[in-house]
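User: I keep meeting terms like pair, pocket and crossover in structure write-ups. Could you show me how each one is earned here?

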Amino acid sequence: MAAYFPKRIIIDNRVKDSRLTHNIMDKLLGVPVEYVDNPIMVIEEIKKKENSFREGKRILLLTENRGRFIKPCPGTKEYICCGYQILNFATNCNMECSYCILQAYINNPVLIVYANTDKMFMELEDKLNKKPETFFRIGTGEFTDSLTLDHLISFSDLIVPYFAGKKNAVLELKTKTDNVDNLLDLQHNGNTIIAWSLNTQEVATKEELLAPSIGDRIDAALRCQENGFLLAFHFDPLIYYQGWEEGYKRTLDRLFAKLNPKNITWISMGCFRFLPELKSIIQKRFPLSKIVYEEFVPGLDGKMRYYKPIRVEMYSKMLEWLKDYDPNLRVYLCMESHEVWKRVFRDNRIKCSEDLARMLEAKSV
Amino acid sequence: MKNMKIEYRRLDLRSIDLDDTTFIFSYGFSLSLLREAIEKIGIINPPLVKEVSDNRYRIVCGYKRLLICRDIGIKELSSAILNDHIEDRDAFLVNLYDNLSHRVLNIIEKSIIISKLQNYYTDPTIVKSFLPLLGLNPHQYVLNRTVSLLKLDEKIRDAIIFGILDEGAAFKLMNFSKKDRALVYEVLSNLRLSKNKQTEVIENIYDIMKRDGCSALSIFDSKELNDILDSKDLNIPQKGERVRRFFRRLRYPNIVKAEEEFIKMRRELKLGDSIKLNHPPFFEGDRYSVQFHFGSIDELKDNLKKIDSIKDSKKMRKLIEG
Ligand code: SF4
């Protein structure tokens, strides 16, 4: 995959001396840079453009995170959530997945990096030290792709060694990229999990525009495995289409042909779900995409979800195939109901979010 | 509009260009009442025109009055004439404010107004200063959406202002090709569906076309659909409901099948009219419910017995336990 380079960099004067800003300035000679006092104006200007989503992705804004860097995953009580903590160091991403929830979720189209990392580390210290007996799973891939900017900002240089020294936390870097060069020499102490979002090659080609192929993602995972990293995989979103079974089976075959299941910390599955307003955005931005035309119903959290028997069928088959590779694989469902868990796993072990958190923590430690 | 001067003169009707609608946005009007009044008492308010060249005039206000004058053969009439220094933009605003002061504008008129304002103002100015005047929310999205109504065929625009087609449903029709749109409208306009149902049907047709990569024509070719539309035994509301269900089944085959099976199972349970067994909406949650009413202890006992029998239904067990 061709690495991302922005067309324009905007630097908020408040972060002009930060480490991430220096990292990027060293690597992006020649890209026009603008220093501003008020980055909101830049965002507003882009928002007015006809194709603001696409335009925004070409602009990289380095600014401050004035809110909190760490927040719990915004799960809902109706569905079982893994209880993950989100470390929000950036928002938006240069890739173009038709289903990307960020299109409906965040109200700015620009790619933003929060460069006031001193504040981020203070928050992390505070959180992890305050409750030394609590185990934290922290991830950065909720509002962005964790590694897509790493060749520019080298965020991993800061965060991976930091977690290497922690006893009560793991960091999960979730990506669709093969941008792992920076990671390979880092001291991680087994506390950083590199995770890939995987799909069928058909879905990757049609719906995950600008993202690396499935083969490239698996190869990148192999390089991380060779460097002693623990791995994770997220089959999220699982997309239902004619031929999905062969497609997902093929991806699993390719995955386990190269990777050792023993190095896989967890695998999650989540069927495609979306805020209702995303439908018209997908129709407008990705007119060839057909993913919104399957049988969706309003979920208990207000998001549209596949009709339940479709979800149960997809999860059950995936689980069966996964267990054929290794019955000990730790597989979980992302934001599903107790009833769906029961039907898929045919047991009653996971009844609530706390049960799931316990299951994942046992594996992490 | 500081230099606006008006002069009153009698003008030959032929000197006023009735085809020049530069300042006009009236749409979907009927002339009959006004015509009756003019025939009885003549023109009380003279039309306002602007001189465009020597003895040639363009209508500013009073378009309908002038059309009637032509129809009933009036040759000459007293007119108010704006001096030719007045900018076109200001003349248009005179007509706009005049109309706003005495009548309610329909949505197509609003879209014509916005598109004409675009000749004189930038979109942000229209959004900020004119949309609220027209009773519309001041957003660019609303501007784009409203103006886009002008792309619809005249028949559909008329259907909106005469209340045959909901405005929201009409917006959904814009996603279709001209040919498919005409076809969908043709069927819908005869069914008198409520606003929400019109939108639902249009959305379902569109989704089916996109999912299956087909045209509206190929969907409308269905024998089942044509049997409903041609049926002599069904009245219009019944046809509307059947057509709605037809498209819903095509769009959501598994969900509709599950709903139908549930209804069948409920019938087989013979619970009677006073007990209602409900599934969770769209079968998404896991909460089923039973509601019942009774007027005597015997009826209560009878209902409880019937409710108790639900647990013995194999179909119900399968539904709940998978
Ligand atoms: S990679 Fe993730 S964040 Fe980026 S566009 Fe795709 S779904 Fe959105």
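User: What makes strand E3 (residues 48–53) and strand E5 (residues 76–82) of chain B a pair?
Analyst: Three bridges join E3(B) to E5(B), and the two run parallel. Strands pair if DSSP finds at least two bridges between them, so these qualify. One of the contacts sets B:Lys50 opposite B:Leu82 in E5(B). A strand here is a DSSP run of E of at least two residues, while a helix is a run of H or I of at least four, both numbered from the N terminus.

User: Before we go on, what kind of model is this?
Analyst: A predicted one: local features need pLDDT of at least 70 and side-chain atom pairs 80 or more, though totals for chains, interfaces and linings use all residues, and side-chain values use heavy atoms, leaving out hydrogens and water. Residues are numbered from 1 along each chain as its sequence is written, with chains lettered from A and ligands numbered from 1 in the order in which they are written.

User: Which strands of chain B stand at the edges of the five-stranded sheet, and why?
Analyst: The order in that open sheet is E1-E5-E3-E4-E2 (chain B), with mixed pairing. Strand E1 (6–12) and strand E2 (16–17) of chain B each have a single partner strand, so one side of each lacks a neighbour in the sheet.

User: And in chain A, which strands are at the edges of the five-stranded sheet?
Analyst: That open sheet runs E2-E1-E3-E8-E6 (chain A), also with mixed pairing. E2 and strand E6 (90–91) of chain A are the edge strands, because each has a single partner strand. E6(A) pairs with strand E8 (residues 111–114) of chain A over two bridges in the antiparallel sense, and A:Ala90 is matched with A:Val113.

User: What makes the route from E1(A) to E2(A) a β-α-β crossover, and which hand does it have?
Analyst: Strand E1 (residues 8–12) and strand E2 (residues 33–36) of chain A run parallel, joined by four bridges. Between them the chain passes through helix H1 (residues 19–27) of chain A, and this crossover is right-handed. The label means that, with the strands pointing away from the viewer, the path from the first strand over the helix to the second runs clockwise. In that strand pair, A:Ile10 has A:Glu34 as its bridge partner.

User: Why is chain B described as more spread out than a compact globule?
Analyst: Chain B has 16 helices and seven strands. Its radius of gyration is 29 Å, well over the 20 Å that the globule rule gives for 322 residues, so the description fits. The radius is taken over C-alpha atoms, and the rule is 2.2 Å times the number of residues to the power 0.38. Those atoms fill a box of roughly 90 × 45 × 40 Å along the principal axes.

User: How does chain A do on that rule?
Analyst: Chain A has 20 Å against an expected value near 21 Å for 365 residues, which agrees with a compact globule.

User: Which residues surround the ligand?
Analyst: A:Cys93, A:Met95, A:Cys97, A:Tyr99, A:Cys100, A:Leu102 and A:Lys176. A residue counts if one of its heavy atoms lies within 4 Å of the ligand. The shell divides into six nonpolar, no polar and one charged; Cys, Met, Tyr and Leu are among the nonpolar types, and Lys counts as charged.

User: What is unusual about the bond from A:Asp236 to A:Pro237?
Analyst: Most peptide bonds are trans. This one is cis, with omega near 5°, and A:Pro237 is found in strand E13 (residues 230–238) of chain A.
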